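Colleague: Could you pick one part of this model and give me a close look at it, then work outwards from there? Please spell out the cut-offs as you go.

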Amino acid sequence: MAEAHPVGFQWVMEAKARGAKVIHVDPRFTRTSALADTYVPIRAGSDIAFLGGIVNHVLSNELDFRDYVVAYTNAATIVSGDFRDTDDLDGLFSGFDPETRTYDPSSWQYAEEQEERSAAQADDSGDTETQRETAAGLQSESHGMQVQGNPPRDPSLQHPNCVYQILKRHYARYTPEMVARTCGVSEEQFLEVAQAWAENSRRDRTTALVYSVGWTQHSVGVQYIRTGAILQLLLGNMGRPGGGIMALRGHASIQGSTDIPTLFNLLPGYLPMPNAEEHQSLEQWIDAVRKPGSKGFWSNAGAYGVNLLKAYWGEAATPENDFCFDYLPKITGDHGTYRTVMDMIDGQVKGYFLLGQNPAVGSAHGRAQRLGMANLDWVVVRDLFEIESATFWKTSPEVATGEIVPEQCRTEVFLMPAASHTEKEGTFTQTQRMLQWREKALDPKGDCRSELWFFYHLGRMVRERYAGSTDERDRPLLDLAWDYPTHGGPGDGEWGEPDAEAVLKEINGYEVATGRPLSSFTEMRDDGSTLGGCWIYTGVFADGVNQAARRKPGAEQGYVAPEWGWAWPANRRMLYNRASADPEGRPWSERKAYVWWDEAAQEWTGHDVPDFEKTKPPTYLPAEDAEGVAAIAGADPFIMQGDGKGALFVPQGLIDGPMPTHYEPVESPFRNPFYAQQANPTRKDYVREDNPMNPSPPEEHSEVFPYVFTTSRLTEHHTAGGMSRYVARLAELQPEMFVEVSPELAAERGLENGGFATIVTLRSAIEARVLVTERLSPLRVDGRVIHQVWLPYHWGEGGLVTGDSANDLIGVSLDPNVLIQESKVGTCDVQPGRRPTGPALRELVADYLRRSQGTTGEGERP
Amino acid sequence: MPKAFLGWPVLRQLTGRDTLGRGAAVRSPRTDATVARTETADSVARSVCPYCAVGCGQLVYVKDDEVVQIEGDPDSPVNRGRLCPKGSASKNLVTSPLRQTTVKYRAPYATDWVDLDLEIAMEMIADRVVKARNDTWQELDEKQRRVRRTLGIASLGGATLDNEENYLIKKLFTAMGAIQIENQARI
């Protein structure tokens with residue numbers, strides 16, 4: 001955190017100054033470790049084992065915050081008697097189909113009081129293969145589980161099939177000994193962390209878990225975060241001040257680009273892109289989201305969906321034509337960025353837009369990225385600088401190896417200069433869901449333009465080209481609501497800059513007849529009388545005021561600072577904060593008071609906007625047949641979940657299991673110490689000759705790649721370098737690609753500090769300057785010593801400082817829930833000296849392929 | 001040169017009230033004439049750092065149509081005026097001489113860039129989008145289900161863009177039938 005989010009880290013140091021204990025767990029000693037009370041080196045890829053060990057410590061010593069756990073989590077809920085755990089099936093859960101490598105999650109469901117499974121629950125137990133292909137798990141970012149509202153429970157937590165007991169059995173084998181053996185952490189150090197975490201939680205105290213999004217870049221990435229969530233729920237650290245799970249995201253508005261997604265499987269506000277199989281009508285699409293019979297705010301999905309369609313197609317969208325639902329294109333499987341790159345290599349894609357993104361350096365398997373781009377008809381690169389993704393046809397490593405020959409590369413490239421953050425106005429959404437409006441400081445120079453300008457005018461021109469078309473397929477473009485007001489600078493006349501505030505107002509939503517901006521998504525109607533482009537952002541323009549532009553100084557407000565910017569939903573700064581009060585609505589302790597029920601005023605109040613219906617009393621009990629919002633009891637804080645409870649066990653929505661289980665990374669030098677099942681059995685692989693993976697046990701020849709590598713950021717650079725290697729001040733601070741190795745590894749392989757090393761995988765070989773440092777230490781794992789090496793990933797051949805790209809080393813294997821690649825752990829070889837150049841580079845990699853007989857073609861991997 | 005001697009900072013420090021040498025003793029007429037760029041700026045815009053997702057407030061100072069300074073916004077409850085090395089270098093980012101300010105075009109099989117007029121480039125891109133869409137249009141998939149889409153146009157990016165921009169990007173591509181629209185959140 002001190003390295004990649006230094007200014008955010010000041011708050012950790014504030015907490016430390018007030019007595020907080022800071023623990024840092026990381027494969028590498030960093031600036032964060034230097035300032036922490038305790039630093040724990042860990043083997044990359046073993047986090048579930050580590051956190052699972054703490055879960056076991058909490059459960060076997062009954063250290064959980066029992067009142068919270070019983071009232072607010074699904075610990076008491078009883079799971080189907082058909083469920084079988086990984087203990088019984090050696091690393092698999094019940095329902096596994098080895099043919100498709102997916103689960104049928106029927107046996108993971110809550111037990112039924114009646115014979116028939118409720119509609120809400122049954123609906124999602126369907127085709128998990130499709131769900132994997134479409135990264136359906138990502139929709140659950142705010143969807144929550146759609147399960148029956150009132151499953152059978154045993155509040156004594158004694159029922160053998162209640163979640164609490166299942167969890168306890170599942171993690172029983174995650175003993176300190178197993179943690180030490182798997183993670184390379186000493187038992188003493190592990191217990192120090194486990195005890196500190198448990199002691200600093202429950203009624204009077206809270207512990208925060210902070211992760212950086214390298215956690216998501218694993219074949220079990222979602223389950224990493226799930227393990228953290230289980231622990232924080234057991235200890236009563238969710239929805240309470242000083243607690244929670246903080247995801248430190250890495251880009252100025254990556255939260256915004258997930259909320260208002262440029263993602264293949266999502267529409268704004270986490271509405272799913274309709275798929276051809278299940279969503280051929282508006283009703284099917286809405287029902288798939290709202291899950292009739294469920295509790296919670298997704299029951300109003302009809303209004304959210306209709307408001308989006310109305311925002312897209314305006315007057316053309318009417319109740320009679322299902323608000324133009326049919327205009328939405330349908331997905332049929334995996335259309336993610338890695339699938340698309342493979343399709344580029346296979347010649348199926350014509351054109352590609354790159355919008356402030358540099359996949360030639362920043363995406364896994366750089367060679368595949370560049371070969372894909374070299375096989376397109378055209379690429380439009382919009383960026384501040386001449387980045388590697390714009391110059392792949394003349395300067396990429398594949399030009400040196402002869403794989404791309406400029407005179408034979410047909411791709412047309414348009415490099416369009418972009419406006420910077422100071423040259424346009426608009427909102428970023430930062431990592432805690434807060435939108436902040438940026439004022440424009442000045443007009444961009446020359447031909448530099450905003451994306452708003454580019455896409456508004458591109459849309460205008462494409463629509464002009466289709467004007468007069470009678471082809472039905474062109475209606476979605478011709479009927480599109482695309483009349484945004486423009487104003488002066490940078491372009492004139494018809495080339496003016498669109499008004500970003502007008503777009504924000506459409507995102508917020510308004511009454512169609514009057515133009516009055518909506519103040520809350522509860523005002524959205526499903527009859528076409530209101531429209532709004534992203535329901536979770538409704539309120540950002542409440543009262544006709546741009547709430548994201550609010551700038552009441554922090555010093556003039558309390559610590560929650562609700563009048564600086566605006567956070568979704570409804571300006572709540574902490575989600576699920578109803579949990580900061582006990583079931584009766586009183587703060588769990590005075591020290592941790594945050595939101596509570598005011599008996600006299602008969603409403604929720606506190607330091608933040610309560611994440612609960614304002615006047616629903618804690619004693620409220622829904623009628624038996626209640627649905628949706630009315631079915632949320634006064635003591636159900638997790639209002640987006642189908643049962644109102646925090647999920648220790650997840651019966652639905654996850655592809656790879658209801659509880660996190662340790663699997664080895666796809667590339668690992670070790671056999672899984674816990675189970676026969678080696679790696680995540682449901683991960684998404686692309687088994688192709690151009691995407692070979694290094695062998696791992698029980699496959700043979702894993703010793704060809706004896707070391708573990710991981711990558712992360714430097715303070716002085718930014719991701720793929722497009723905003724830092726071209727900036728003199730930053731380039732000067734970190735001028736050269738390097739690799740950090742321990743003194744022990746340096747001795748083993750003859751590496752000299754300041755000299756060069758070559759790092760090899762089956763994708764490529766790169767060179768880097770050697771930094772011999774005790775920041776990395778050899779770990780003892782499963783009875784032998786393992787060396788880890790660390791690489792920053794910011795370099796390419798462009799910019800003021802150049803170097804090889806660490807991402808060239810990485811193969812494409814994805815988490816099955818969200819289709820994010822495993823790029824934070826892999827195996828490699830390290831040799832002293834520089835790598836070969838020209839065609840000899842590919843010969844070196846081919847030699848390793850021969851030696852390791854890597855799985856390049858057919859065949860299942862463990 | 002008694003005047004110069006008497007003006008010597010060490011002497012002023014030893015004989016004056018500023019014994020620690022952190023105030024009047026070490027000031028010179030040149031120091032006094034120095035004015036911060038932030039004071040002489042024509043305008044200041046309240047902005048947000050474009051690097052990581054912490055969301056530090058920035059103040060962008062402009063003079064004669066150039067950014068002359070970017071500082072942390074002391075009012076922001078996020079960063080209290082502080083910026084990290086990258087945020088502190090953001091003036092250098094936006095004023096870098098390496099920034100592209102004209103459209104560059106690489107024709108098929110060409111070995112170098114040529115300059116292109118912005119409006120001509122826009123016309124060419126619009127033509128290519130229309131052609132790619134028409135050439136790859138898919139009304140039904142292989143199972144005869146209605147999909148109304150193109151798999152010929154892909155896009156990657158958005159995590160450093162504004163919400164308003166991402167909104168228009170997704171809206172336009174969706175209306176076009178392009179679905180391979182992705183950003184860093186998948187990476």
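Modeller: Let's start with one pair of residues: Leu415(A) has Lys104(B) as its bridge partner in E4(B). Before going on, a word on the model: it is predicted, with local features needing pLDDT of at least 70 and side-chain atom pairs counting only at pLDDT 80 or more, while totals for chains, interfaces and linings use all residues. Residues are numbered from 1 along each chain as its sequence is written, and chains are lettered from A and ligands numbered from 1 in the order in which they are written.

Back to that pair. Strand E11 of chain A (residues 412-417) and strand E4 of chain B (residues 103-106) run antiparallel and are joined by three bridges. Strands here are DSSP E runs of at least two residues, helices are H or I runs of at least four, and both are numbered from the N terminus. Two strands pair if DSSP finds at least two bridges between them.

Widen the view to the whole interface: 130 residues of chain A are in contact with 99 residues of chain B, contact being C-beta atoms, placed from the backbone, within 7 Å. On the chain B side, helix H8 (residues 163-176) gives the largest share, 13 residues. The chain B side that touches chain A splits into 51 nonpolar, 23 polar and 25 charged residues. In that count, Ala, Val, Leu, Ile, Met, Phe, Trp, Tyr, Cys and Pro are nonpolar, Asp, Glu, Lys and Arg are charged, and the others, Gly among them, are polar.

H8 of chain B also turns up beside helix H23 of chain A. Seven of the nine residues of H23(A) (residues 500-508) are buried, where buried means 20 or more other C-beta atoms within 10 Å of the residue's own, exposed means 12 or fewer, and partly exposed is in between, with C-beta atoms placed from the backbone. The buried ones are Ala500(A), Val503(A), Leu504(A), Lys505(A), Glu506(A), Ile507(A) and Asn508(A). Their cover includes H8 of chain B, along with H15, E12, helix H21 (451-466), strand E15 (497-498) and strand E16 (510-511) of chain A. Right after H23(A) comes Gly509(A), with a positive phi of about 100°.

Follow E12 from there. It belongs to an open, antiparallel sheet of three strands in chain A, ordered E12-E13-E18. E12 (426-429) and E18 (566-567) are the edges, each with a single partner strand, so each has one side left without a neighbour in the sheet. E12(A) and E13(A) are joined by four antiparallel bridges, and Gly426(A) has Arg438(A) as its bridge partner in E13(A). The two strands make a hairpin with four residues between them, and Arg433(A) in the turn has a positive phi of about 70°. On the other pairing, E13(A) (residues 434-438) and E18(A) share two bridges in the antiparallel sense, with Leu435(A) opposite Trp566(A). E13(A) itself is buried on both faces: Met434(A), Gln436(A) and Arg438(A) on one side, Leu435(A) and Trp437(A) on the other.

H15, also part of the cover over H23(A), leads to one more helix. H15 (301-313) and strand E8 (271-272) of chain A are what the buried residues of H14(A) pack against. In H14 (residues 282-290) of chain A those buried residues are Leu282(A), Trp285(A), Ile286(A), Val289(A) and Arg290(A). They sit on the same side of H14(A), because they cover an arc of only 120° around the axis; the arc is that of the directions from the helix axis to the C-beta atoms. As a reminder, an α-helix has 3.6 residues a turn, so residues three or four places apart point the same way. Just past H14(A), Lys291(A) has a positive phi of about 50°.

For contrast, go to helix H25 of chain A (residues 743-749), where Ala747(A) is found. Ala747(A) counts as exposed because it has 11 C-beta neighbours inside 10 Å.

Terms used: Contact = placed C-beta atoms within 7 Å.
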